[in-house]
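Here is a quick walk through one model, written for someone who would rather look at side chains than at statistics. Keep the viewer open while you read.

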Amino acid sequence: MYPKIIILFTLLLLLCCSFGCSQKGSAVAFQDVVIEDDEVPVDKMDMLLNDDFFDEEKVVEQIYYDPLEPMNRVFFEFNDKLYYWFLSPLNTAYTAILPWDIRFSIGNFVNNLAAPIRLVNNLLQLKIKDAGVEISRFLINSTLGVFGFGDPAMLDFGLAPREEDFGQTLGYWGVGEGVYLCVPIIGPSNVRDLVGFTADAYTHPMVYYIDELYVSAGYYAGSRVNLLSLNPEVYEDLKKYSLDPYVSMRQVYLEYRRKKIDDNPMQRRSDNEL
């Protein structure tokens, strides 16, 4: 444990010192596919129903720490109302104005701009090969992909994104999840991921080029709305098939994050998917 922490902080110190669309057909196919050993596309609803979450034996093994549940439920209700009263109508209007192709390209641009976050966290987890993939993806998409609006790195070169963030990095080095949190506007999280979210925000190139907080906040909100427009049914499906949406959201989130930290191959998918 301690040697890992020492290595982690050494890497952080070194980094601080040295570091200052013709795609729709392929993209749609990739959007609905989760990579498995046999490369067979899997329907999302089948995945949900076959997920370990519904496995009785697995449920017994689920572990979470939610001492703030009463407060979290209040914030969950707040976010729920925010979704149905504001985000859902906004998403409907946004989807009606912009065709799917354009929204997907915007998602590509946003994800390409966030490449430094994935690069830094791949390096912090000593995933040198994946860091190289992220550099290649950024160079290819920024040039051949016209500033990142296209994703030829994935479509033409088969370079899938290597999604890593600081919350995953902390988990990789043995930092525990801490208390489960439902954060207003942001949604489900935990102490570790909330720290990671803050660190990722300061790693994003936007903060070094734009000083105004409201512009950065607007950029973040816009990217979230665009992502929601590409995955409009995820939250409503979760509510539809849940007896207690709060519990389901907590379980799905924690399992999702744990699988990402474990590098479960089922989690390797397009950046534009929730």
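Where does leucine 126 lie? Leucine 126 sits in the loop between H7 and H8; helices here are DSSP runs of H or I with at least four residues, strands are runs of E with at least two, and both are numbered from the N terminus.

Before going further, a word on the ground rules. This is a predicted model, in which local features need pLDDT of at least 70 and side-chain atom pairs count only at pLDDT 80 or more, while totals for chains, interfaces and linings use all residues. Residues are numbered from 1 along each chain as its sequence is written, and side-chain values use heavy atoms, with hydrogens and water left out.

**Two residues with positive phi**

Back to leucine 126: its phi is positive, about 60°, although the residue is not a glycine. Leucine 126 is partly exposed at 46% relative accessibility (buried means under 20% relative accessible area, exposed over 50%, partly exposed in between, with a 1.4 Å probe and protein chains only). Isoleucine 185 also has a positive phi without being a glycine, at about 75°. You'll find isoleucine 185 in the loop between strand S1 (180–183) and strand S2 (187–190), and at 63% relative accessibility isoleucine 185 counts as exposed.

**Salt bridges**

Side chains of opposite charge can pair when their charged atoms come close. The rule used here asks for a side-chain nitrogen of Lys or Arg within 4 Å of a carboxyl oxygen of Asp or Glu, and by that rule the count is 17 salt bridges. Three of them are laid out below.

| Salt bridge | N to O distance | Separation along the chain |
|---|---|---|
| Arginine 250 and glutamate 69 | 3.6 Å | 181 residues |
| Aspartate 80 and lysine 239 | 2.9 Å | 159 residues |
| Lysine 127 and aspartate 263 | 2.6 Å | 136 residues |

Take arginine 250 and glutamate 69, whose salt bridge has its closest N and O atoms 3.6 Å apart. The pair links distant parts of the chain, with arginine 250 in helix H15 (residues 245–261) and glutamate 69 in helix H5 (residues 69–97). Arginine 250 is buried, at a relative accessible area of 3%, whereas glutamate 69 is partly exposed at 23%.

Helix H5 comes up again with the salt bridge between aspartate 80 and lysine 239. Here aspartate 80 belongs to H5 and lysine 239 to helix H14 (residues 234–240), so this pair also links distant parts of the chain. Aspartate 80 is buried, with 6% relative accessible area, and lysine 239 is partly exposed at 25% relative accessibility.

Then there is the salt bridge of lysine 127 with aspartate 263. Lysine 127 is in the loop between helix H7 (115–124) and helix H8 (128–143), and aspartate 263 is in the segment after H15. Lysine 127 counts as buried at 13% relative accessibility, while aspartate 263 is partly exposed at 40%. Shared partners also tie salt bridges together: Asp66, Glu69, Arg73, Asp244 and Arg250 form one network.

**How H6 packs**

Two packed helices are described by the angle between their axes and the distance between the axes. An axis is a line fitted to C-alpha atoms, for helices over the stretch in contact, and angles run from 0 to 180 degrees between N-to-C directions.

The axes of helix H6 (residues 100–113) and helix H13 (residues 213–230) come within 10 Å and cross at roughly 130°. That makes H6 oblique to H13 (under 35 degrees is roughly parallel, over 145 roughly antiparallel, 65 to 115 roughly perpendicular and the rest oblique). Residues in contact (heavy atoms within 4.5 Å) include Trp100, Phe104 and Val110 of H6 and Tyr219 and Leu230 of H13. The contact divides into seven nonpolar, four polar and one charged residue; Ala, Val, Leu, Ile, Met, Phe, Trp, Tyr, Cys and Pro count as nonpolar, Asp, Glu, Lys and Arg as charged, and the others, Gly among them, as polar.

H6 also packs with H7, at an angle of about 45° and with axes 4 Å apart. H6 is oblique to H7 too. Asn111, Asn112 and Leu113 in H6 meet Ala115, Pro116 and Arg118 in H7.

Asparagine 112 of helix H6 is buried, with a relative accessible area of 7%. Leaving out residues up to four places away in sequence, asparagine 112 touches Arg118, Arg137, Phe138, Asn141, Ser142, Phe147 and Gly148.
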